[in-house]
Amino acid sequence: MDARLRRVNKEIADCKNDKSSKIQLDLVDESPFHLKGSFPGPEGTPYEGGRFEVDIRIPDSYPFQPLKMKFITKVYHPNVSSASGAICLDILKDQWSPVLTLKSTLISLQSLLCSPEPDDPQDAEVAKHYMTSRSSFEETARYWTHIYAGGPDPKAKDGGSGGGSRDEVAMAGLEKAHVDQFEALGFERGKVIDVLRRLNYRGANVTKITEDRVVEELLKP
Amino acid sequence: MKVTIKNWNAIAQWRWDIGKEFDETDDEDLCGICRVAYEGCCPRCKMPGDDCPVLWGECGHVYHMHCIMQWIEQQPPNKQNCPMDRKPWITAERKTANTATQQTQAVQS
Ligand SMILES: [Zn+2]
Ligand SMILES: [Zn+2]
Ligand SMILES: [Zn+2]
């Protein structure tokens, strides 16, 4: 049997036998080299209560080349692309080591959720949000966890998930009052959300960005 | 009573002396790179033994020679580190490296 296959089979079996880590590995198709991993969001973070799925590709020269991983579940995090799920993590790049495994790499992703590194961002807009207002960032991350990862509804007092329609303003991490304010000037709501998100119209930044500047952006085609 | 030995088969067992008792359930006895026991050969080889030896680093970590060499050779010179502790890899001189312990027993049939 080929070395890579033997090692991967062993790793999948080890992961199945270990119930304590709550890390799961599933086949995606016929190939044992395309997997789906998942883990619970770490406690005490905005990702708590959610379950996060990761697409895993095992390269031909594994374990001498790093695993390829990206989030399937949308995650609001400075080191994860909010659009594509691409991950910025050193061990998936130049800090890879052949003694790392599927499980240990997924555990590293889990701990990345605990400790964002905004200085080396994958998603610059999310990183700016994180740097500008931590509480607003966490609120948005919690909302994404609820919408995409099955986490509890942050608005429900009891913490249970209560359905409800998706709130585009909360998704973008903005204040409803700000969006209303510019929408009242006659701009389309979706465009207002887009512009305010790009400008990082949050927290202390709001006082630094003039209304004219926002309007100027809104007028751009 | 007189016993006549008509036929016998020799069975030999050997293992690398890695300085501790072998425990199959323990990850410590597996090459961290290929996850095969040190006793077995690396995935590229067919037969365990002197053709597929194990190598010690000065840091104390042990790998199949073929496994660690494949890793070291693909790394740039400034990053030829031990995969476990990321310290620069230096192969340790070790006297016991070639003395596989051996026991032979005769089976009567
Ligand atoms: Zn090996
Ligand atoms: Zn070998
Ligand atoms: Zn070492």
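## Where the two chains meet

Put chain A and chain B together and about 1,400 Å² gets buried between them, with carbon and sulfur atoms giving 56% of that. Buried area here is the accessible area (1.4 Å probe) that two parts lose on being put together, summed over both. On the chain A side, Phe64(A), Pro98(A) and Val99(A) lose the most area to chain B, together 42% of what that side buries. The contact count is 16 residues of chain A with 16 residues of chain B, where contact means heavy atoms within 4.5 Å. Salt bridges across this interface number zero; the rule asks for a side-chain nitrogen of Lys or Arg within 4 Å of a carboxyl oxygen of Asp or Glu.

A quick word on the model: it is predicted, local features need pLDDT of at least 70, side-chain atom pairs count only at pLDDT 80 or more, and totals for chains, interfaces and linings use all residues. Residues are numbered from 1 along each chain as its sequence is written, chains are lettered from A and ligands numbered from 1 in the order in which they are written, and side-chain values use heavy atoms, with hydrogens and water left out.

## A threonine that touches both chains

Thr101(A) sits in the loop between strand S4 (68–71) and helix H2 (102–114) of chain A. Helices (H or I, at least four residues) and strands (E, at least two) are DSSP runs, numbered from the N terminus. Leaving out residues up to four places away in sequence, Thr101(A) touches Arg7(A), Glu11(A), Tyr62(A), Leu67(A) and, from the other chain, Arg35(B). Thr101(A) has a relative accessible area of 12%, so it is buried; the cut-offs are under 20% for buried, over 50% for exposed and partly exposed in between (1.4 Å probe, protein chains only).

## Chain B in outline

Chain B has one helix and four strands, in the order β-β-β-α-β from the N terminus on. Of its 109 residues, 31% count as buried. The accessible surface of chain B is about 7,400 Å², and 50% of it belongs to carbon and sulfur atoms; the area comes from the Shrake-Rupley method with a 1.4 Å probe, and for residues only the protein chains shown count as cover. Among contacts in chain B between residues at least 6 apart in sequence, 54% join residues at least 24 apart.

## The zinc sites

Start with ligand 1: this zinc ion is held by Cys31(B) (SG), Cys34(B) (SG), His64(B) (ND1) and Cys67(B) (SG), at 2.1 to 2.3 Å. Cys31(B), in the loop between strand S1 (8–15) and strand S2 (54–56), and His64(B), in strand S3 (residues 62–64), are 33 residues apart, so this pair links distant parts of chain B. Cys31(B) and His64(B) are both buried. Donors are N, O and S atoms within 2.8 Å of the metal (3.2 Å for Na, K and Ca), and water is not among the atoms, so sites may look incomplete. The donor angles at ligand 1 are 95 to 118°, which makes the arrangement tetrahedral; four donors earn that label if all angles lie between 85 and 135 degrees.

For ligand 2, the zinc donors are Cys42(B) (SG), Cys45(B) (SG), Cys52(B) (SG) and His66(B) (ND1), at 1.9 to 2.4 Å. Cys45(B) lies in the loop between S1 and S2 and His66(B) in helix H1 (residues 65–74), 21 residues apart. The angles around ligand 2 run from 97 to 116°, which makes this arrangement tetrahedral. Ligand 3 has an aspartate in its set: Cys59(B) (SG), His61(B) (ND1), Cys82(B) (SG) and Asp85(B) (OD) coordinate the zinc ion at 2.0 to 2.2 Å. Its donors follow the spacing C-x1-H-x20-C-x2-D along the chain, and angles of 91 to 122° make the arrangement tetrahedral.

## Salt bridges

Over all chains, the salt-bridge count comes to 13. In one of them, the side chains of Arg4(A) and Asp60(A) meet at 3.6 Å, N to O. Arg4(A) is in helix H1 (residues 3–17) of chain A and Asp60(A) in the loop between strand S3 (51–57) and S4, so the bridge ties together parts 56 residues apart in sequence. Arg4(A) is buried at 12% relative accessible area, whereas Asp60(A) is exposed at 68%.

Arg197(A) and Glu125(A) also pair up, at 3.0 Å, N to O. Arg197(A) is in helix H7 (residues 189–198) and Glu125(A) in helix H3 (residues 124–132), 72 residues apart. Lys176(A), Asp180(A), Glu183(A) and Arg189(A) are linked in a network of salt bridges.

Notes
Tetrahedral: all angles 85-135°; square planar, octahedral: opposite > 155°, others 65-115°.
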